[in-house]
Amino acid sequence: MFSRSIARRAFSSTAANPYKVTVIGAGGGIGQPLSLLLKLNHKVTDLRLYDIKGAHGVATDLSHIPTNSTVKGFGPDQADGLKNALTGTDVILIPAGVPRKPGMTRDDLFSINAGIVRDLAKSIADAAPKAKICVISNPVNSTVPIVAEVLKEKGVFDPKKLFGVTTLDTIRASRFISEVAGTNPTQEKVPVVGGHSGITIIPLISQTTHKLLPKEKRDALIHRIQFGGDEVVKAKNGAGSATLSMAQAGATFANFVLSGLDGEKDVISPSYVYSPLYKSEGIDFFSSPITFGPEGAAKVNPIGEISAEEEELLAKAKETLKKNIEKGINFVKQSKL
Ligand SMILES: NC(=O)c1ccc[n+]([C@@H]2O[C@H](COP(=O)([O-])OP(=O)(O)OC[C@H]3O[C@@H](n4cnc5c(N)ncnc54)[C@H](O)[C@@H]3O)[C@@H](O)[C@H]2O)c1
Ligand SMILES: O=C(O)C[C@H](O)C(=O)O
């Protein structure tokens with residue numbers, strides 16, 4: 001289900017096709033290591049870094065690394081800085097916005113990040129309406145609907161081109177399950193579906209080789225995957241949330257998108273997208289395994305057979321997801337674009 005060999009090849013092959021990638025929020029905790037990993041990806045030939053502060057320094061630093069991409073930094077100090085970072089780009093990654101502090105939920109970030117993401121989406125609609133957009137900024141369950149709603153209002157929404165990055169949940173699931181089962185984490189593949197916050201994160205252990213884990217261990221594992229973000233927030237003690245593991249997750253996800261653009265076959269990984277799966281229940285966005293292709297999300301795959309226990313998790317997740325999605329959409333409807 002996951003394309004790990006593709007992720008490995010990205011760092012060792014020479015690019016066949018040139019790809020432009022833009023990181024918005026490139027000066028931040030995620031943005032910097034994510035930009036480094038993208039500089040090492042041979043599929044990327046033109047890397048553009050934008051931030052309201054610090055992107056020039058990060059770009060100059062990375063530009064000394066002898067890989068085949070050029071790197072340019074952009075900021076609001078330049079006329080049309082954001083526009084120039086976006087024009088003609090193929091893939092945009094957005095880790096812009098504030099991270100959590102202990103005691104906060106991702107939804108608590110909405111009051112600041114919703115406006116940031118809305119305004120960035122407006123610029124993207126104008127300058128890069130054909131780009132594939134990968135949203136990292138939290139709360140992902142709401143920020144992806146915000147971007148979709150802005151693009152719809154601007155008449156350029158294409159559901160195949162918008163992604164919420166939930167890869168951190170899948171990499172955590174691989175790591176945590178390997179710790180419980182005593183296995184090699186690089187060989188563990190756990191589909192994680194739903195959304196990206198607490199109980200909306202649904203790891204499908206029944207679809208792994210560890211479906212017979214004793215219930216107590218399974219419940220603890222599911223809880224750890226759902227609340228893995230809190231572990232990092234607590235450990236960083238006010239200095240933010242996951243940045244390095246997120247950079248790895250974001251770079252892996254970007255490589256899935258680029259592999260799809262490049263025409264590679266069977267590139268499949270979960271992402272939070274505009275989805276037909278539960279639309280009849282009023283849930284327009286959902287994370288399930290996506291097949292990537294030249295147009296972006298070539299196919300939204302169903303979640304497959306799940307256990308009775310996972311059905312219960314799904315039912316709970318849907319209730320929260322529905323509210324998170326409505327909150328994002330209403331925010332844009334009440335904004336003056
Ligand atoms: N999807 C996920 O799995 C996941 C994982 C970790 C963190 N996150 C989220 O990613 C976001 C960033 O986290 P971080 O730790 O990198 O935060 P950070 O504060 O270290 O960096 C954020 C960067 O965004 C920049 N920024 C703010 N407004 C901007 C704008 N309008 N345009 C361009 N840049 C802007 C800031 O200047 C800063 O450099 C947070 O919302 C966090 O919750 C998501
Ligand atoms: O937990 C957070 O706030 C950041 C991120 O969404 C994560 O899962 O680590």
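Colleague: Which classes of residue make up the shell around ligand 1?

Modeller: Let's sort the neighbours by class. In this predicted model, the shell around ligand 1 has 16 nonpolar, 13 polar and three charged residues.

Colleague: How many residues surround ligand 1, and which are the closest?

Modeller: There are 32 residues around ligand 1. The closest are Gly25, Gly28, Gly29, Ile30 and Asn138.

Colleague: Now for the other ligand. Which residues surround ligand 2?

Modeller: You can read its shell as a list of neighbours. Around ligand 2 you find Pro99, Arg100, Arg106, Asn138, Leu168, Gly229, Val232, Val233, Ser241 and Ala242. By class, that shell divides into five nonpolar, three polar and two charged residues.

Colleague: Which helix gives the most to the shell around ligand 2?

Modeller: That is helix α9, spanning residues 228-236, with three residues in the shell.

Colleague: Thanks! Let's turn to helices. What describes two packed helices?

Modeller: Two values do the job: the angle between the axes and the distance between the axes. Take helix α6 (residues 140-153) and helix α11 (residues 308-333): they pack at about 40 degrees, with axes 8 Å apart. The two helices are therefore oblique to each other, and the crossing of α6 and α11 is right-handed.

Colleague: Which residues make the contact of α6 and α11?

Modeller: From α6 come Asn141, Ser142, Thr143, Pro145, Ile146, Glu149, Val150 and Glu153. From α11 come Leu321, Asn324, Ile325, Lys327, Gly328, Ile329, Phe331 and Val332. Sorted by class, this contact has eight nonpolar, five polar and three charged residues.

Colleague: May I try another pair? At what angle do α7 and α10 pack?

Modeller: Helix α7 (residues 167-181) and helix α10 (residues 244-261) pack at about 110 degrees, and their axes are 8 Å apart. That angle makes α7 roughly perpendicular to α10. Here α7 passes α10 in a right-handed crossing.

Colleague: Where do α7 and α10 meet?

Modeller: Look for Thr167, Leu168 and Ile171 in α7; they meet Ser245, Met246, Gln248, Ala249, Thr252 and Phe253 in α10. The contact of α7 with α10 has five nonpolar, four polar and no charged residues.

Colleague: One last thing: what feature does UniProt place at residues 20-164?

Modeller: An unreviewed UniProt entry gives "domain: Lactate/malate dehydrogenase N-terminal" for that span. In the model, residues 20-164 are 38% helix and 19% strand, and the end C-alpha atoms lie 19 Å apart.

Technical notes. Residues are numbered from 1 along each chain as its sequence is written. Chains are lettered from A and ligands numbered from 1 in the order in which they are written. This is a predicted model: local features need pLDDT of at least 70, side-chain atom pairs count only at pLDDT 80 or more; totals for chains, interfaces and linings use all residues. Axes are lines fitted to C-alpha atoms, for helices over the stretch in contact, and angles run from 0 to 180 degrees between N-to-C directions. Helices (H or I, at least four residues) and strands (E, at least two) are DSSP runs, numbered from the N terminus. Angles under 35 degrees count as roughly parallel, over 145 as roughly antiparallel, 65 to 115 as roughly perpendicular and the rest as oblique. A crossing is left-handed if the near helix is turned anticlockwise from the far one by less than a right angle, and right-handed if clockwise. Two residues are in contact if their C-beta atoms, placed from the backbone, lie within 7 Å. Ala, Val, Leu, Ile, Met, Phe, Trp, Tyr, Cys and Pro count as nonpolar, Asp, Glu, Lys and Arg as charged, and the others, Gly among them, as polar. UniProt positions are given in the numbering used here, feature names are shortened, and annotations may be inferred rather than shown by experiment. A residue is near a molecule or strand if its C-beta atom, placed from the backbone, lies within 6 Å of it.
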